[in-house]
Amino acid sequence: MRHAWLVALLLLVHCTPLQRETTPATLDLPLLGLPATLDPALAQDDLSLLLVNLVHAGLTRYDPETATIVPDLATEWRASTNGRIYTFRLQTGLQWRDVQGNPVASFSADDVVASLRRACAPSTRAPFVEALFIIEGCRDVYESQDIVDLASVGVRALDPQTVEIDLVRPGADLPAVLSLPIARPLPQNAIAAGNVGWQSPERLQSIGPYVFTAWLPPDTISLTRNPTYPAERQPRTPDIINFSLTTDALADYRAGLFDRLALPAEAVPAVQTDDTLREQLSLVEQSCTVGIGFTTVKPPVDRVRVRRALAAAIDRSLLVRQSPGDRVAASSLAPAALFGATEPTGVAYDTAQARTWLAQAGYPRGLGFPTLQLATPDIPEWVDVANAVASMWRTTLDITVNVVPLPADEYEAHLDRTIPLPEIAHAWLFEWCSPVPDLHEWYYAPFHCEASQNHWRRLCGEFDDVVESAMNEQDPTARMDLYRQAHTLITVEEAAHVPLFHRAQALLTQPWVRGRIAPAGGWNPRTWQLDMRAKQKARTP
């Protein structure tokens, strides 16, 4: 009886119109552990995020192929003139279904409301809840020490197919926020108070592009296309997705048993010596970027030419070579994928130009330049990066640089803009991460002169006007242009920040698989394409 639901579900799947005469497109992936949860609000490990993406759809979805937010359970949305009220129309006729494929309840706006309110509740303990603080009342509810009224969260159902959301600010990034797992709708009857165990595979109710057909971890997890999912939202190719236990994932990948394999950074050097594997290896940018910030009001880095000189003296390729399996050189703060086809450029590595800018700032050959302090957390990786940058500055600009390691738990406090200017370093390593696939999180959130922590102590200027305009710009092309302008202003015109490298995931991909991977939010194979003829040929002895 324990797995009787699997038999019923298999019968359902095998009797649907999706059955084909040709071999189903089957994606094979390694099962390297157990998912921590199937609750979208709590998912944060790689396997949980992947499975959530397969069985739980969102109102919107980030499409890594086009770097855009597209409709999913919502059909359309519109913003008020001031950008602080968003209205979403939902697909009609959708049903929450149990693991046997039986309809349980109709999908409605009330489910969306209940799910977003639950995600904001402090009792949920959602790890990425800060992404929802754009919603009116969410932060207040989450930070409340008292019994809270979730109705104060600014989400309401206007009718069964319409949801309205109030925001604390203009929010052109809201559709991106709603693509995150934490914002996925769940059936209100399942998540009702006191309903324990609803997220177990046997009791799961979902609306998503895939359904489970086998749940036998740690040996096997299998899914197939959801036959009741709207045709226009169906996955591009994979009909079946199998996760299988492995004791040697790389050997099984070599044998063609797995279609994609994430590698630990330490495995990359060995893979690069293999002619075949080297061609299948890529580094996928993640949603974290390491850079150097300048305290822009502290001499001598209060001069923009000094900051540009320091930026031009940094060879990012050397920093990548320090750790070749988990870094990609960065010219932008945000992952390049969020900019679409072309990552914007900043101050390029150019030692001659660096020396020219320093001379124009009044320090030819470094003469008269005061000792520069470069702060870093006292974590070995960070100290190595700081020492490498300091060495480049000394060699190229003939200046004295002291690396200042600080205890990690004290480091952020050191950057606080209330710290007296003599006590803060001239420059400091800074890592910014965001799960939200939208450029607002990468430019407005950290850098705005008034709305951010502003470690750079920037004065308000054109950059701030540009990112404020982008907050309520509804045209995607115009909005992208604003962020490209903002990037140039912060990295070149002001030269307040120098992106160094993006964190990266090493990935092996078989030649019969096509499809990009988003920088955040977990893998989503529904956009991948499989050439089953090529796969079968490669696996035939």
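Me: Which domains each give at least three residues to the lining of the second largest pocket?
Reply: This is a predicted model, where local features need pLDDT of at least 70 and side-chain atom pairs 80 or more, while totals for chains, interfaces and linings use all residues. Residues count from 1 along each chain as its sequence is written, and side-chain values use heavy atoms, without hydrogens or water. A pocket here is an open set of points on a 1 Å grid over the protein atoms alone where a 1.4 Å probe fits, with protein on both sides within 12 Å along at least five of seven lines; lining residues have an atom within 4 Å of a point. By automatic or database assignment, the contributors are domain 1 (26-259 + 510-539) and domain 2 (284-503).

Me: Which element supplies the largest share of that pocket's lining?
Reply: Helices (H or I, at least four residues) and strands (E, at least two) are DSSP runs, numbered from the N terminus. β3, α5 and α16 each supply at least two lining residues. The largest share, five residues, comes from α16.

Me: Is the Cys288 and Cys433 link left-handed or right-handed?
Reply: These two form a disulfide (cysteine sulfur atoms within 2.5 Å), with the sulfurs 2.0 Å apart. The angle about the S-S bond is 120°, making the link right-handed.

Me: Cys449 pairs with Cys460, but is Cys460 buried, partly exposed or exposed?
Reply: Buried means under 20% relative accessible area, exposed over 50%, partly exposed in between (1.4 Å probe, protein chains only). Cys449, at 5%, is buried. Cys460 sits at 48%, so it counts as partly exposed.
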